[in-house]
Each structure stands twice: as C-alpha cells, then as structure tokens.
Amino acid sequence: MILWDEDSTDYLVHATATSKHFYQGLGLAVLSSGFIGASFIIKKKALIRLQRYGGLRAGAGGFGYLRELVWWSGLLSMGIGEAANFAAYAFAPATLVTPLGALSVLVSAMLASTYLNEHLNLLGKLGCLLCILGSTMLVLHSPREEQIETMEDLSFKMQEPTFVTYTIFVIIGCLAIVFYFGPLYGKQNILVYILLCSSIGSLTVMSCKGLGLAIKETMNGKSEMGNWLTWALLFVLVLCIMVQMNYLNKSLDLFNTSIVTPIYYVFFTTFVIIASAILFREWEYMSIEDVIGCVCGFLTVIIAIFLLNAFKDLDVSYTDIRLIFRPKRENIIHHNSRWNNSADDEQMRYDMEHNYGSSITRSM
C-alpha cells in the first residue's frame with residue numbers, strides 16, 4: 001500500500017482518482033442490477049408469449065424461445081448487465097459491488113408487478129423499501145480505496161498464508177460435497193449445494209476482480225496480456241463459473257426457487273466478503289462506524305431479500321394492518337358479527353335440510 005503525505009499534491013490527485021473510480025464502480029454496479037433484473041422479465045414475457053401460441057415450453061425441453069426476438073432482447077440485457085458487473089469490480093471494492101446485486105431482485109419484483117401482473121404483497125413492498133435502505137447504507141459506509149492497485153501487489157497478496165489457507169479450505173470443502181456430502185444429503189438439505197456454489201463463487205469474484213485489474217492496467221498503457229497470472233485467473237474464472245452454475249441448477253431443480261434465491265444470496269455474499277477481506281484487507285482501513293454501517297446495511301438487505309422471496313405467496317395487504325390498529329372492542333364486535341352470521345347461515349342450512357327432508361317424508 002502506498003503512503004501519501006496528506007498535504008502533498010500527489011495525495012490530492014490520488015484521492016480524487018480514487019473517489020472517481022469508486023463512483024464509476026458504483027454506477028456500473030447499479031446499472032448492472034437494472035439490466036439483469038429487467039432481463040428476467042423480458043425473457044419471461046417471451047416464454048409467456050410462446051406458451052400462448054402453443055409452442056413447447058422450455059421446461060418440457062422445447063427451444064421455440066430461440067425464435068423469439070423478445071427473448072434475445074432479454075439475453076442481450078443480461079449480457080450488458082454482466083459486462084457492467086464485471087467492469088464494476090475493476091473500479092470499486094467487492095465489498096460494495098457484490099451486495100448491490102440484491103438490487104436486481106428489487107428491479108425484477110417491481111417490473112414483474114407492473115408488466116407480468118404478478119401480485120406484490122405488503123411484505124414484498126416492505127422488502128423493496130428495505131432493499132433500497134440497506135443498499136444506501138452499504139454505499140455510504142463501504143471502503144472507498146482499493147488496497148491493491150497493480151498485478152504485482154495482487155500476486156504478492158495471493159501468496160500470503162491466510163489467503164492460501166482459505167483457498168485450500170474451499171477446495172477441500174467443495175470436493176467433500178461433490179464426492180461425499182452431495183450424494184448423501186444433497187437432495188434433502190438445501191444448504192449442501194448452496195454452500196458449494198457460494199464458496200466457489202467467492203473464488204469466481206476474486207478472479208473477476210483480478211482480471212478487471214489486469215484490463216485496467218492494460219488500458220492505462222501497461223500490458224498485462226503476457227502475464228501468466230492474467231491467464232491463470234481467466235482459467236480459474238471459467239472453471240469456477242462452470243462448477244457454480246452446474247450445482248446452482250441442481251439446487252434450483254431440487255428446491256423451491258423462492259427459498260433458494262435468498263439463502264444463496266446470503267451465503268454467496270458472505271463468502272465474497274470473507275474472501276475479499278482476506279485478500280484485499282479492505283476492512284483494516286475502515287473506521288468502526290463504517291464497519292458497523294456495512295454490517296447493518298448487509299443485514300437489512302438480507303431481510304429485504306427474504307421478504308421479497310420467501311413470503312411472496314402470502315396474502316398480506318394494508319387491510320390486515322388496519323385491523324391491527326383498530327380498537328379491541330371494535331375487533332371483538334366485528335369478530336362476533338362474523339361468527340353470528342356464520343351461525344345464522346348454518347342454522348338456515350340446517351332448517352332447509354330438515355324441512356326438505358320432512359317434506360320428502362310426508363310426500364312418501
């Protein structure tokens with residue numbers, strides 16, 4: 001890490017460049033969430049349109065959606081979002097970029113309510129609000145400055161015992177899940193494959209971060225294309241994405257999506273923050289107020305994601321809330337009137353059946 005004299009011109013230039021890079025990364029992360037969230041809705045519209053015209057559904061093995069221009073528009077939107085997310089890691093800390101991925105869930109929920117006529121209950125709306133509040137807290141308290149600015153620094157940091165130990169633990173844990181715990185418990189316990197995807201995902205983000213740094217240095221005039229570390233990071237990135245997507249699809253196939261999504265977000269983001277803290281040591285230079293702010297923001301986003309996904313099928317509205325704040329006496333009267341009405345209905349039904357039965361008996 002470079003030490004600067006706070007009164008020097010070089011320090012002011014460095015601080016200005018750091019702030020500029022931070023907001024560039026922040027803008028790219030938010031833009032990425034918008035495009036990725038919209039892509040799910042666009043592709044869903046294409047699949048609904050295909051089903052309306054009698055085409056074979058994708059879940060049944062059909063590929064008719066490949067002839068839909070709308071579906072390709074959704075794929076393009078996702079591609080732009082992923083590219084923006086990749087670029088965001090080159091400018092902003094992973095501690096900021098990764099948790100902001102929750103905004104894609106927010107965008108998707110709001111657009112689904114508007115364009116797919118999917119019901120967004122009161123808990124979902126509360127989750128949207130908490131997602132915005134939690135993301136704002138993360139932006140305000142996340143680290144501004146990158147502690148690794150060159151590929152040489154990254155290579156040195158990756159050889160430190162702490163990060164090597166973390167990587168070995170991840171590899172051993174994933175191999176244990178693939179060959180032992182997965183076949184035994186993967187179909188009964190939702191955490192098995194999610195732990196694998198999340199831990200591997202943390203290495204994916206670290207590789208993505210390193211590649212972003214290599215590209216940024218290359219664009220600044222110092223080519224890193226001949227550096228062995230650049231190609232090693234690219235190989236690790238592709239391998240980790242393949243493993244991650246394979247086992248994430250298994251988890252989605254075995255368990256309810258509304259449960260997989262929030263749990264995966266929590267574990268994936270947690271592992272990324274741990275890996276980033278070990279490799280980049282961003283937390284060492286943060287004040288205790290910023291650390292607490294980041295933790296509180298992250299926990300707020302976790303609650304928001306659970307409200308948006310885990311409880312989306314519950315029928316909770318503003319009427320239920322208004323009943324809570326009504327005087328107890330009115331609630332008792334309302335409850336008694338409902339009970340009396342139901343009792344009268346039961347009595348009427350009994351009388352009708354009794355009279356009908358008596359009339360039949362008399363006619364016989």
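**Group meeting: an all-helix pattern and its salt-bridge network**

Read from one end of the sequence to the other, the protein chain runs α-α-α-α-α-α-α-α-α-α-α-α-α. That pattern corresponds to 13 helices and zero strands. Please keep in mind throughout that this is a predicted model.

Let me begin with the record. An unreviewed UniProt entry annotates "transmembrane region" over several stretches, among them residues 122-142 and 190-208. In the model, residues 122-142 are 95% helix and 0% strand, with the end C-alpha atoms 30 Å apart. For residues 190-208 the figures are 95% helix and 0% strand, and there the end C-alpha atoms lie 27 Å apart.

Turning to the chain as a whole, 40% of its 364 residues count as buried. Among contacts with a separation of 6 or more, 83% join residues 24 or more positions apart. The accessible surface amounts to about 21100 Å², and carbon and sulfur atoms contribute 66% of that.

One part of this surface deserves attention. Met-225, Trp-231, Leu-234, Val-238 and Met-242 make up a nonpolar surface patch, with a combined accessible area of about 500 Å². Of these, Trp-231 sits in helix α9, which spans residues 228-254.

I now move to the interior. The largest nonpolar core contains 69 residues, and Leu-154, Met-206 and Tyr-265 have the most contacts inside it. Leaving aside residues up to four places away in sequence, Met-206 touches Ala-94, Phe-163, Val-272, Ala-275, Ser-276, Leu-279 and Phe-280.

A second buried position is Ser-77, in helix α2, residues 69-91. Its relative accessible area is 7%. With the same exclusion of sequence neighbours, Ser-77 touches Phe-35, Ile-36, Ala-38, Ser-39 and Ile-42.

Finally, the charged groups. How many salt bridges does the model contain? The count comes to two. Glu-160 pairs with Lys-157, the closest N and O atoms being 4.0 Å apart, and Glu-160 also meets Arg-281, at 2.9 Å from N to O. Glu-160 lies in the loop between α6 and α7, and Arg-281 in the loop between α10 and α11, so this pair ties together parts that are 121 residues apart in sequence.

Are these partners buried or exposed? Glu-160 is buried, at 16% relative accessible area, and Lys-157 is buried as well, at 19%. Because its relative accessibility is 22%, Arg-281 counts as partly exposed. Taken together, Lys-157, Glu-160 and Arg-281 are linked in a network of salt bridges.

Note on methods: Residues are numbered from 1 along each chain as its sequence is written. This is a predicted model: local features need pLDDT of at least 70, side-chain atom pairs count only at pLDDT 80 or more; totals for chains, interfaces and linings use all residues. Side-chain values use heavy atoms; hydrogens and water are left out. UniProt positions are given in the numbering used here, feature names are shortened, and annotations may be inferred rather than shown by experiment. Helices (H or I, at least four residues) and strands (E, at least two) are DSSP runs, numbered from the N terminus. Buried means under 20% relative accessible area, exposed over 50%, partly exposed in between (1.4 Å probe, protein chains only). Contact means heavy atoms within 4.5 Å. Accessible areas come from the Shrake-Rupley method with a 1.4 Å probe; for residues, only the protein chains shown count as cover. Patches are made of residues with over 30% relative accessible area and no salt bridge: like charges are joined within 9 Å, nonpolar side chains (Val, Leu, Ile, Met, Phe, Trp, Tyr) within 5 Å. A salt bridge is a side-chain nitrogen of Lys or Arg within 4 Å of a carboxyl oxygen of Asp or Glu. A nonpolar core is a set of buried Ala, Val, Leu, Ile, Met, Phe, Trp, Tyr and Cys residues joined through side-chain atoms within 4.5 Å.
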